[in-house]
Amino acid sequence: MPDTNPTPPLGDLDALLSQLVDGTISPADRASLEGMLRSDRAVRDAYRAFMHMESMLAWQLVQPPAGAVTDAIRLEEDRSRSAAARIAWKRSAAWLLPLVATAMTAGAIALVMVFTVPDRGGAPPAGSAIDACALLADFTDAEWADGLQIERGAAFAPGPLRLVAGSAQLRFRSGAFVTLSGPAEIEVLDGNSLFLRSGRIIPYVPHSAKGFTVISPTGEVIDLGTEFAISVDADGQTDVHVISGDVQLARGRVAQGTFLTMKQGFGGRVAPTAAAPEFIDTPLVFDDFSAYPPTLHWQDIDSGRVATIHDGQLAIPVEHRGRGITKQRSSRIVLEHDFSAMRGRRTAISFRGLLPEAGIDGANRWLACVIDDGSGDPPLAMEREAVLAALVSPHFQAAARIDGGNNQQTRVFSRDKDAIGPYQVFMTIDDTPAAHAAYGGAVADVTVNGQSVIQRERICLPDRPRIGLQTYGSSTVRGRGEALVDDFSVSVSVDAAGGNPASEPQVQ
Amino acid sequence: MALSHDEFVALLTSSQRRICGFICTLVVDLTDAEEVLQETNLTLWQQADRFEPGTDFVAWACRVAHFKVLKWRDARKRQRAHFDDDVLDVIASEAIEEQRMHGQLAAERYELRRLALAACLDELSDRNRNALMLRYNGKHSLTSIGAELGRTANAVSQLLHRIRSALRECMDRRLAETAP
């Protein structure tokens with residue numbers, strides 16, 4: 001067999017291949033290696049065997065998430081110190097996202113301010129010019145204005161940036177991640193602030209980025225938690241939705257004005273003409289699993305038991321059994337509640353999920369939030385009866401399955417091998433008249449750890465939606481673990497039409 | 001009869017290492033290989049319906065991966081490529097052909113080699129293992145690994161070569177022992 005040949009046909013082939021992968025090969029040696037590869041099948045087989053070993057080494061030596069987090073943090077600390085580390089950071093940026101999520105303290109409160117800039121013409125404020133305020137960490141189908149091509153890792157100085165379509169993720173110098181969903185128009189101001197002219201962004205603010213500032217045209221001071229979505233429409237109206245953490249939303253600075261305190265699941269709006277911010281989303285259900293029995297009724301369909309709550313989290317078994325051939329097993333937990341209020345409104349579902357690490361090495365496993373029509377057996381995430389499913393998995397960081405009439409499709413994003421979470425999952429379903437006018441029906445968005453998975457995809461929202469959580473495990477090795485879910489909320493828009501009583505704008 | 005999604009996902013996840021290995025032979029750099037692997041996964045997932053059960057999954061996945069590598073090379077034309085396209089295409093088609101003809105054998109052999117490698121890694125000295133961790137886990141440059149180990153970049157390059165050769169010999173020895 002070719003790749004079990006113990007010795008390469010040429011004594012120095014191994015040395016050349018080593019230099020090739022380490023980037024130290026001389027141009028002359030590279031050319032002679034290429035010649036050997038071209039003319040000799042045995043050299044090609046040896047080369048393939050060598051590269052397979054390279055790849056195996058990389059898979060074998062990747063540390064578990066705990067170590068990787070330390071690595072990510074160390075890279076963060078290093079990046080201001082050495083140019084080499086900065087390059088490493090640039091190359092890793094896209095991979096760090098789930099790790100940063102892990103490193104984040106759950107209770108971290110970031111201060112995010114939005115304040116009035118009525119006369120902004122697009123020029124950055126004086127004295128804020130600093131090179132490389134942000135980097136392009138990642139993007140999906142991103143289309144920039146003026147046909148601009150931007151590579152991953154590209155640095156942004158202060159200046160405007162217009163995303164026409166797709167999504168993109170900026171990593172600010174402070175450590176904040178900002179996901180832009182096109183069309184969106186922003187302006188990078190400095191390493192810890194941006195101006196949102198129009199569109200929708202989801203800042204994901206770790207502890208280090210406290211004080212991250214978003215300026216919007218209507219402008220209010222917002223003191224916010226760890227993750228939120230903020231959008232600005234053509235009139236400058238600013239909407240904020242809390243994904244996790246606590247938020248204070250005010251006109252003027254929080255210290256000076258009236259403000260709304262919003263927890264997870266709440267949404268608030270600052271209209272151009274309103275005197276004060278007002279609630280636009282209110283939680284339909286919220287469960288932080290701190291009480292037992294839980295405040296909400298969670299039914300385990302597969303075992304017939306009431307779901308297990310321990311240590312303030314909902315625990316869902318992930319198990320698989322068998323040897324030799326792959327066996328699969330699912331657990332489904334359904335939230336028994338009347339969700340018919342979702343019809344005609346905008347709904348946001350948010351929760352934090354963690355997948356088990358121990359005891360299921362090498363196993364495929366996932367946790368999914370599944371929406372279906374409420375009839376019959378709750379479908380698995382991948383079944384046709386599921387209207388919308390958002391999945392997180394160590395193998396496929398996030399995926400979504402949509403069934404919008406004939407538009408059935410699946411999207412998957414693999415981001416970082418073997419990261420078990422935590423994953424902050426945020427799903428929105430917009431069934432408002434505005435969505436029907438623009439898209440011909442309800443549309444869904446799914447975001448995981450600030451990363452956009454699907455955007456504005458058509459779904460068929462049933463009359464009586466049901467919401468469930470599902471785990472899945474598959475392995476040739478017997479194993480059992482638990483997926484943990486915390487801070488589960490479903491909120492709906494208070495006023496689908498979005499009319500606001502006119503009032504005098506308050507002058508700061 | 002198409003595979004169920006669950007079956008498909010199980011196949012896809014269990015084949016990740018081997019698809020990545022294939023991509024690695026074509027792009028050389030491990031970080032680049034991971035990037036192409038993600039693109040490949042996305043396409044495999046989207047085109048799951050086109051996979052014919054009964055045929056070799058890895059061979060199909062490698063064909064998709066090969067297209068992704070070509071696309072990826074096109075996008076980076078101005079950058080230095082390691083080898084000419086014709087050489088890489090021959091390597092790719094030989095690998096796919098072997099996988100298509102001897103898929104089951106290749107899968108078993110891969111698994112044996114992987115287990116042998118894991119055992120051989122355990123036999124390494126702490127110092128050598130540490131050098132490999134720095135190289136593969138942190139994806140550091142030779143210069144920064146050298147700084148960490150108190151060696152020059154050139155010495156690190158020599159060290160890595162020696163460790164790889166030792167691992168290779170150890171694997172061959174173990175595989176010879178386990179062979180029927």
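## Notebook: chains A and B of a predicted model

I began with burial in chain A: 52% of its 508 residues are buried, a residue being buried if 20 or more other C-beta atoms lie within 10 Å of its own, exposed if 12 or fewer, and partly exposed in between, with C-beta atoms placed from the backbone. I noted that this is a predicted model, in which local features need pLDDT of at least 70, side-chain atom pairs count only at pLDDT 80 or more, and totals for chains, interfaces and linings use all residues. Residues are numbered from 1 along each chain as its sequence is written, while chains are lettered from A and ligands numbered from 1 in the order in which they are written.

**Entry 1. Chain A overall**

I looked up the secondary structure of chain A and found six helices and 27 strands. Helices (H or I, at least four residues) and strands (E, at least two) are DSSP runs, numbered from the N terminus. For chain A, I noted that 64% of the contacts with a separation of 6 or more join residues 24 or more positions apart; two residues are in contact if their C-beta atoms, placed from the backbone, lie within 7 Å.

I then checked confidence, given as pLDDT, the predictor's confidence in each residue from 0 to 100. Chain A has a mean pLDDT of 71, with 67% of its residues at 70 or more. Over residues 63-130 of chain A, pLDDT stays under 50, and the model has 123 contacts beyond four places in sequence for this stretch. Residues 496-508 of chain A also stay under 50, with 18 such contacts. Where pLDDT is low, the predicted coordinates should not be read in detail.

**Entry 2. Backbone geometry in chain A**

Most residues other than glycine have a negative phi, and most peptide bonds are trans. I recorded the peptide bond from Gly182(A) to Pro183(A) as cis, with omega near 0°. Pro183(A) belongs to strand E4, residues 177-190 of chain A.

Phe289(A) has a positive phi, near 60°. I located Phe289(A) in the loop between strand E13 (278-287) and strand E14 (298-300) of chain A. Phe289(A) counts as buried because it has 22 C-beta neighbours inside 10 Å.

Asp487(A) also has a positive phi, near 50°. I placed Asp487(A) in strand E27, residues 479-493 of chain A. Asp487(A) counts as buried because 24 C-beta neighbours fall inside 10 Å.

**Entry 3. Chain B overall**

Chain B has nine helices and zero strands. Of its 180 residues, 35% count as buried. I found that residues 24 or more positions apart account for 68% of the chain B contacts with a separation of 6 or more.

I looked up Gln47(B) in the loop between helix H3 (30-46) and helix H4 (57-75) of chain B. Gln47(B) is exposed because it has 11 other C-beta atoms within 10 Å. Its C-alpha atom is 9.8 Å from that of Val64(B), 17 residues apart along the chain.

**Entry 4. Helix H3 of chain A against chain B**

I examined H3(A), residues 41-61, beside H6(B), residues 103-123; their axes come within 11 Å and cross at roughly 60°. Axes are lines fitted to C-alpha atoms, for helices over the stretch in contact, and angles run from 0 to 180 degrees between N-to-C directions. The crossing angle makes H3(A) oblique to H6(B); angles under 35 degrees count as roughly parallel, over 145 as roughly antiparallel, 65 to 115 as roughly perpendicular and the rest as oblique.

Met53(A), Met56(A) and Gln60(A) meet Arg114(B), Leu117(B), Ala118(B) and Leu121(B). I sorted these contact residues into five nonpolar, one polar and one charged. Ala, Val, Leu, Ile, Met, Phe, Trp, Tyr, Cys and Pro count as nonpolar, Asp, Glu, Lys and Arg as charged, and the others, Gly among them, as polar.

Against H7(B), H3(A) packs at an angle of about 100°, with the axes 9 Å apart. That makes H3(A) roughly perpendicular to H7(B). Leu57(A), Ala58(A) and Leu61(A) contact Leu132(B), Met133(B), Tyr136(B) and Asn137(B). The residues of this contact comprise six nonpolar, one polar and no charged.

**Entry 5. Helix H7 of chain B and its cover**

I listed the buried residues of H7(B), residues 126-137, as Ala131(B), Leu132(B), Leu134(B), Arg135(B) and Tyr136(B). Their cover includes H3 of chain A together with helix H8 (142-149) and helix H9 (153-178) of chain B.
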